[in-house]
Amino acid sequence: RGTPTTPPEPWPQPRQEQALEICGADVRPTQRRQVQISGVTPNFQAGERRLQQDLRRAVKEVRNSSSASVNQAEQLRETVSCESEAIPASRLQKVPRLFAGLQLYLEYGTDLSPEGESAAGAFSVLLQRLAGVFGLGPELLNMYRDIDGNRIAFNRGGCLFFNLRYYEQCHGGKDERMALSFWYTTLCHELAHNTEPGHNALHENIMEGLIAKYLPKLMPLLSAEALCPGGADGAIDVDAL
């Protein structure tokens, strides 16, 4: 998600350093219509408001059929993807401590404020719970905090990263059920990339399958009891529910 912009210059190639580097690939023009997506999003809240408007419209636009019959001829629908996703280069450095078993990466030259540390604690517990839904250990999920990138999460060769800044701006201190539902879907999206790297019909089918398969294990986390867990770190044994 982002705003239209002019085609970017080719992204720099990754340098060999110990710190984690995430660099976007070259965006090459095609002969067909091309949509460029800006890689900069200082604040996710405006996009979140637009998304909520789109969701309300998607439900509102359902119509009653007054037709006595429906006749639709067989047809072939061709879909050609002509979009380019501009993924900004970013450099992330691991923080030398864990949050509820999860690693946190910060963009170079930035520090974690006391408010950010509190948000990281809450976000890590949320992701820890969601990891349990899929039978994953919390060490398999990672948080990161960039400066103004437009990505909410990404999959780097099977390593999953989730944007703490998005959580802070859109979910911190708000409806926990909505946050759990959102990040559950996001996790399914990133898991689907382990099978299909692109955003296409196959990726969509895999994501939908993951959502449907693991939804019964998510539901107990949305109960009132689960939203006010006991224990020091708020961890929940999903298999015990």
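**Stop 1: the salt bridges**

Let's start with charged side chains: this predicted model holds four salt bridges. Side chains of opposite charge can pair when their charged atoms come close. We'll visit three of the bridges here, beginning with Arg129 and Glu176.

Select Arg129 and Glu176 and show their side chains. The closest N and O atoms of this pair are 2.8 Å apart. Now colour the helices: Arg129 belongs to α2 (residues 114-133) and Glu176 to α4 (residues 176-192), so this bridge ties together parts of the chain that are 47 residues apart in sequence. Which of the two partners is buried, and which is partly exposed? Turn on the surface and have a look. Arg129 counts as buried because its relative accessibility is 5%, while Glu176, at 29%, counts as partly exposed.

Next, pick Arg145 and Glu168. Their side chains meet in a salt bridge at 2.5 Å, N to O. Arg145 sits in strand β6 (residues 141-145) and Glu168 in helix α3 (residues 164-170), so here a strand and a helix 23 residues apart in sequence are tied together. With the surface still on, check both ends: Arg145 is partly exposed at 26% relative accessibility, and Glu168 is partly exposed as well, at 24%.

Now move one step along to Asp146 and add Arg165. How far apart are the closest N and O atoms of this salt bridge? They are 2.8 Å apart. Asp146 lies in the loop between β6 and β7 (153-156), and Arg165 is in helix α3, so the bridge links parts 19 residues apart in sequence. Both ends are tucked away: Asp146 counts as buried at 8% relative accessibility, and Arg165 counts as buried at 2%.

**Stop 2: along helix α2**

Go back to α2, the helix that carries Arg129. Put a ruler between its first and last C-alpha. Its 20 residues reach 30 Å, close to the 28 Å expected at 1.5 Å a residue. Then walk past the end of the helix and click on Gly135, which follows α2 and has a positive phi, near 70°.

**Stop 3: rings that pair up**

Time to show the aromatic side chains. There are twelve aromatic pairs to hunt for. Select Phe134 and Tyr214 to begin. Their ring centres are 4.6 Å apart and their planes meet at 45°, so this pair is tilted. Phe134 is in the loop between α2 and β6, and Tyr214 is in helix α5 (residues 201-218), so the two rings tie together parts 80 residues apart in sequence. Phe134 counts as buried, with 11% relative accessibility.

Compare that view with Phe154 and Phe161. Is this pair stacked or tilted? Rotate until you see the rings edge-on: the planes are at 10° and the centres 4.7 Å apart, so the pair is stacked. Phe154 and Phe161 are both buried.

For a bigger group, select Phe44, Phe123, Phe162, Tyr166, Tyr167, Phe182 and Trp183 together. Ring pairs link these residues into a cluster.

**Stop 4: charges over rings**

Keep the rings on screen and add two arginines. First, zoom in on Arg91 and Tyr108: the charged end of Arg91 sits over the Tyr108 ring, 4.4 Å from its centre. Then jump to Arg97, which lies over the face of Phe99 at 4.1 Å from the ring centre.

**Stop 5: a threonine in α4**

Return to helix α4 and select Thr186. Thr186 counts as buried, because its relative accessibility is 12%. Which residues is Thr186 in contact with, leaving aside its neighbours within four places in sequence? Show what surrounds the side chain and you'll find Ile152, Ala153 and Phe162. You've met Phe162 already, as one of the residues in the ring cluster.

**Last stop: zoom out**

Hide the side chains and switch to the cartoon view. You should be able to count six helices and eight strands. Starting from the N terminus, the order is β-β-α-β-β-β-α-β-β-β-α-α-α-α.

Finally, bring the surface back for the whole chain. About 14900 Å² is exposed, and carbon and sulfur atoms supply 52% of that area. Of the 241 residues, 36% count as buried. Among contacts in the chain with a separation of 6 or more, 65% are between residues 24 or more positions apart. The Phe134 and Tyr214 pair from Stop 3, 80 residues apart in sequence, is a nice one to look at again here.

Technical notes. Residues numbered from 1 in each chain as written. Heavy atoms only, no water. Helix = DSSP H or I, 4+ residues; strand = E, 2+ residues; numbered from the N terminus. Buried < 20%, exposed > 50% of the residue type's maximum accessible area, 1.4 Å probe, protein only. Expected span 1.5 Å × (residues − 1). Contact = heavy atoms within 4.5 Å. Areas by Shrake-Rupley, 256 points an atom, 1.4 Å probe, with all protein chains shown as cover. Phe/Tyr/Trp six-rings, centres within 6.5 Å; stacked < 30°, edge-to-face > 60°. Lys NZ or Arg CZ within 6 Å of the ring centre and 35° of its normal.
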